[in-house]
Structure formats: C-alpha cells, structure tokens
Amino acid sequence: MKNMTWRYGLLLAVVFWSGNNQASTLSTSGDIQVFSGGNLEIRTGQSPVDLRAKQPPSIAGGDIQILPRGSIEIQAGQTPINSGSISSSAIMLASGPAFLALPHTSGLTHIGDYFDVELLAFAPLANASSDELVLGFGVNTQLGGAGAAQFLGSTINSLFTDISTQDDVNLAAAGMAFPGLSLNEVGSLISLAVLHFQAVTAGTLNIAITSDLNDLNQGLIFLNQSPLAINAGIGVDITAVPLPPSLLMFVSGVVVSLGGIRRRRG
C-alpha cells in the first residue's frame, strides 16, 4: 500500500510539474510533436522527419508548399493548422525580370559525357502592363575557359514554336509564340529552352547565354515594350575519364615487367 501511495504521489507531481513548466514536450493530436529544444518532429507512418522550428512552436500541422509564383501556401491535411510564422529562412525573389542558366548534370562531367543547361526566365512580365504579351525569344551561346564542349542544339519550350534553325534566324535557341503568352501562361518562372552539349576537353568550361538586341530575333521579345536582353552564365567542371581499375592493374603489370627485363639485360 505504501508503494502504491508513493507511485500516485510521484505521478501527480510529474503532472503538476508538466503543467507549469513551459519547457515540457508539447504534442498535438496526430503525428506531430514539438519538443522544448526547438525541434519539430513530424512522423508519417514509420518514417520520421526531423525539422527545426523557431521557439515558441508555431506550426501544429498541415502541408507547406512554395509555389512557382513566389507565394507560400499552407494546405490543411488531416491535422488542423495553428497560427504562427516561419522565420528560419528567407526566400529571395527577383523584383524584376531576370535570367538563370541551370546545369543538368549527374555528378561529375567527364570528357565525352552529354549534359544540358536550362535557360529560365524569372518574372518575365514584371512591371509590365496587364495586357502585355511575350512574343518570343532568341539567344546565342559563347563558350570559354580551359574546358571545351561541343554545342549540339536545343529543345524549345512547347509553348513556343522552334525557329532556331530558320535561315533568317540561325541562333542557339529561339522560339516564337503567336498570338503571344500572357501572365497567366508564363507566370513568374518559365523555362525557355534546354541547351545540349558534349564535353570535349578537361577543365572549367564557362557557358555564356547572351543576346544581341541589334538582331530583331534576339532577346526576350514583347508585344508592346522594347525587347529585353537575355544574359545568363554557368561554369561546368569537366574532368578526364578515370581509368578502370582493371586497366590500371594491367598498366602497372606492364611497367613492372619492363623494369624486370631492363634489370636482366643490365
């Protein structure tokens, strides 16, 4: 009986301490727990995902999505969402049109490998009138640096008609959209084209995607406003193809054999 009284007393003490101590573990109904050290743990099935949250805990549930248009959307799932804020990181968005070259490579790029570079346009209709349209674009490529690659062509976004190789155009990538693309179609982020290359020489390859506005087919072309110059660049490190281990062993064996022959002749 004394043991039972002691256990109930200890249990009551823990309950009162947890109710008055703000550093205790908080938990929501469902699969989300917020711990005192600022750790937010979300469990889905048997696979835990650990996140960091700002004190005091501000998110109790829901799905968070960062949309291409630059907004953050919180969608309610099976767990209700409590009010709060996220301040662990900031999202930097361009205030006006900007261009980015994004490499598509899987690990190291060796001599002979094929790789792609995607040309993206951020907020192409920023600060434009509501009736403005994107009519097309055109760019060329310039390659430099110690590395070298062969340009193989480009794939144009299906929203545009590919005019890259037309006689009066002849650009690395060019597209035309008729009667034009509105803000609803281009949004705040659109892929213009994917450029294809093959690595030729080891070293750092500098790829510049440029436009000359003296050519009416180049730049980002609009219905009403003047064309916008497209300038983007990326560096790609090209390495020599490593020798297979079996070939290294063969070469090492040949070198050792030649050394032995020379010693015997001596």
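This is a short walk through one chain, from its overall make-up to a few backbone details.

Keep in mind that the model is predicted. The chain has 266 residues, and 29% of them are buried. Its secondary structure consists of three helices and 17 strands. Taking contacts between residues at least 6 apart in sequence, 66% join residues at least 24 apart. The accessible surface is about 17300 Å², and carbon and sulfur atoms account for 57% of that area.

Now the interior. The largest nonpolar core has 32 residues. Which of them touch the most other members? They are Phe115, Phe137, Phe160 and Leu192. Strand E14, residues 189–201, supplies the largest share of this core, with six residues.

Leu192 is worth a look on screen. Beyond its neighbours within four places in sequence, Leu192 is in contact with Phe99, Leu119, Ala121, Phe137, Ile156, Asn157, Phe160 and Ile230. Two names on that list, Phe137 and Phe160, are also among the core residues with the most fellow members in touch.

On to the rings. Searching the whole structure gives three aromatic pairs. One of them is Phe137 with Phe160, an edge-to-face pair with centres 5.1 Å apart and 85° between the planes. What does this pair tie together? Phe137 belongs to strand E10, residues 134–145, while Phe160 sits in the loop between strand E11, residues 148–156, and strand E12, residues 161–162, so the pair links parts that are 23 residues apart in sequence. Both Phe137 and Phe160 are buried. There is also an aromatic cluster, formed by Phe115, Phe151 and Phe197. Phe115 we have met already, as one of the core residues touching the most other members.

Next, a sheet. Four strands make an open sheet in the order E7-E9-E14-E11, and the pairing is antiparallel. Which strands stand at the edges? Those are E7, residues 98–104, and E11; each has a single partner strand, so each has one side without a neighbour in the sheet. From one strand to the next, the twist averages 25°. If you follow E7 across to its partner E9, residues 114–122, you will find seven bridges between the two antiparallel strands. Within this part of the sheet, Phe99 stands opposite Ala121 of E9. Phe99 and Ala121 both appear in the contact list of Leu192.

Last, the backbone. Where is the cis peptide bond? The bond in question runs from Phe178 to Pro179, with omega near 10°. Pro179 is placed in strand E13, residues 173–181.

Then there are two residues with positive phi that are not glycine. Ala123 has phi near 45°, and its place is in the loop between E9 and E10. For Asn127, phi is about 65°, and Asn127 too is found in the loop between E9 and E10. Are they buried or exposed? Ala123 has a relative accessible area of 15%, which is under the 20% limit, so Ala123 counts as buried. Asn127 comes to 73%, over the 50% limit, and therefore counts as exposed.

To close, go back to Leu192: its contacts include Phe137 and Phe160, the two rings of the edge-to-face pair. That is the end of my part.

Definitions and conventions:
Residues numbered from 1 in each chain as written. Predicted model: local features only at pLDDT ≥ 70, side-chain atom pairs only at ≥ 80, totals over all residues. Heavy atoms only, no water. Buried < 20%, exposed > 50% of the residue type's maximum accessible area, 1.4 Å probe, protein only. Contact = heavy atoms within 4.5 Å. Areas by Shrake-Rupley, 256 points an atom, 1.4 Å probe, with all protein chains shown as cover. Core = buried A, V, L, I, M, F, W, Y, C linked by side-chain atoms within 4.5 Å. Phe/Tyr/Trp six-rings, centres within 6.5 Å; stacked < 30°, edge-to-face > 60°. Pairing = 2+ DSSP bridges. Axes fitted to C-alpha atoms, helices over the stretch in contact; angles between N-to-C directions.
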